[in-house]
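Here is a protein model to explore together. Have it open while you read, and we'll go from a hidden space inside to the chain as a whole.

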Amino acid sequence: MDPPATRADRPEVEGSTMIVVVGGTGRLGGRVVSDLVERGETVRVVARHAPVGGPGGGPGAFVAADVREPDTLEQALDGATVVVSAVHGMDPASGESPAVVDRDGNRNLISAARRAGARIVLVSVVGADRDHPMELFRMKSDAERFLRNGPMDWTVVRASAFAETWADVIRSTTNRKGVPKVFGRGQNPINFVTVDDVAAAVTRAAADPDLRGEVIEVGGPDNLTMEQFARLVTGQPAVGHIPRAALRVMGIALAPFRPGPARLIRTALVQDGVDLTFDPRGSRARHPWLPCTPVGAVLGSSPMPELQ
């Protein structure tokens, strides 16, 4: 017997959409919420904690729920026609992990969204793969596979490294003289993307049902080493380094009592040596509406040249 049809299998009626953004108070999720509201969409914000200023502190109605606790999701997704997963387990202050949030949490959310009959937009990472040396990439890959093992009710938006997030990391390592420190050698090129560009892709995916079944990769025009990126962030020519050997020790020593920072250190150590470059031209050829903003334009420094 065929499974019963869900709302995701039926044509959408104009004006009937309810887009639920899970992780909607975070850096990316908050931007997606604002963009959707600006488009005139009906939006519900779902997160563990209310936005700054309380439930009415930002656009969209707020509902508290936690992807780690499946029982909290049914009410949060009630009436949803589209569910956006903008959650991640890499916040050093949260004590979470990609395994708990990006794999298990997304599985919980995908299952709940399908029970609600909603389309799903999953935010993933460029290069997600089950054999990747970074835990986040493996867990996002697992969530993607779980999503695809079901109806064609999904869109995946893969993003490269968030420029604003790593700019915060660089600023946190800057000494009183304004000299930043990078983790390891800092010579490995990495593609950086602005959060606004990722939000534009996620917003389009949420609002346009014709994009279901698509994997949309969004990155910036800049493949920069961490040394180059640090100079761009701080405007300082001098850059210090935290040696790789020290990072290995710190990643192990901090793990028992500060797992979030330890995970970030281990991630940075891997990031110092694996291929994290990306050429956005192929993705933009398939999706000409994708923006591609030089990170310097966002960080307040001279823009890097666009790819031709």
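## A space on the inside

Let's start with what surrounds the largest cavity: its lining residues split into eight nonpolar, five polar and two charged. That makes 15 residues lining the space, and Val182, Phe183, Met226, Ala268 and Gln271 are the ones that lie nearest its centre. Keep in mind that you are looking at a predicted model.

How much space lies in this largest cavity? About 110 Å³. The structure has two cavities of 30 Å³ or more. If you want to find the walls of the largest cavity, look for α5 (163-172), β8 (181-183) and α9 (259-271), since each of them supplies at least two lining residues.

## A three-stranded sheet

Now turn to an open sheet made of three strands, in the order β7-β9-β11, with mixed pairing. β7 (161-162) and β11 (222-224) are at the edges with a single partner strand each, so each has one side without a neighbour in the sheet. As a bit of background, strands in a sheet pair through backbone hydrogen bonds, and they can do so parallel or antiparallel.

Take β9 (residues 190-193) and β11: they run antiparallel and are joined by three bridges. You can pick out one partnership by eye, with Phe192 bridged to Asp222 in β11. Helix α7 (residues 226-234) packs on this sheet and touches both β9 and β11. The direction of α7 makes about 110° with that of β11.

## Zooming in on Asp102

Is Asp102 buried or exposed? Asp102 is buried, because its relative accessible area is 0%, and buried means anything under 20%. You'll find Asp102 in helix α3, which covers residues 98-115.

So who does Asp102 touch? Setting aside neighbours within four places in sequence, Asp102 is in contact with Val87, His88, Gly89, Ser97, Leu136, Met139, Lys140 and Ala143.

## Stepping back

What does the protein chain look like overall? Its secondary structure adds up to 11 helices and 12 strands. The chain has 308 residues, and 51% of them are buried.

One last number tells you about contacts along the chain. Of the contacts with a separation of 6 or more, 74% are between residues 24 or more positions apart.

Notes
Residues numbered from 1 in each chain as written. Predicted model: local features only at pLDDT ≥ 70, side-chain atom pairs only at ≥ 80, totals over all residues. Heavy atoms only, no water. 1 Å grid on protein atoms, 1.4 Å probe; cavity = no way out; pocket = protein on both sides within 12 Å on 5 of 7 lines; lining within 4 Å. Points joined across faces, edges and corners; volume = space filled by probe spheres on them. Helix = DSSP H or I, 4+ residues; strand = E, 2+ residues; numbered from the N terminus. Nonpolar A, V, L, I, M, F, W, Y, C, P; charged D, E, K, R; others polar. Buried < 20%, exposed > 50% of the residue type's maximum accessible area, 1.4 Å probe, protein only. Contact = heavy atoms within 4.5 Å. Pairing = 2+ DSSP bridges. Axes fitted to C-alpha atoms, helices over the stretch in contact; angles between N-to-C directions.
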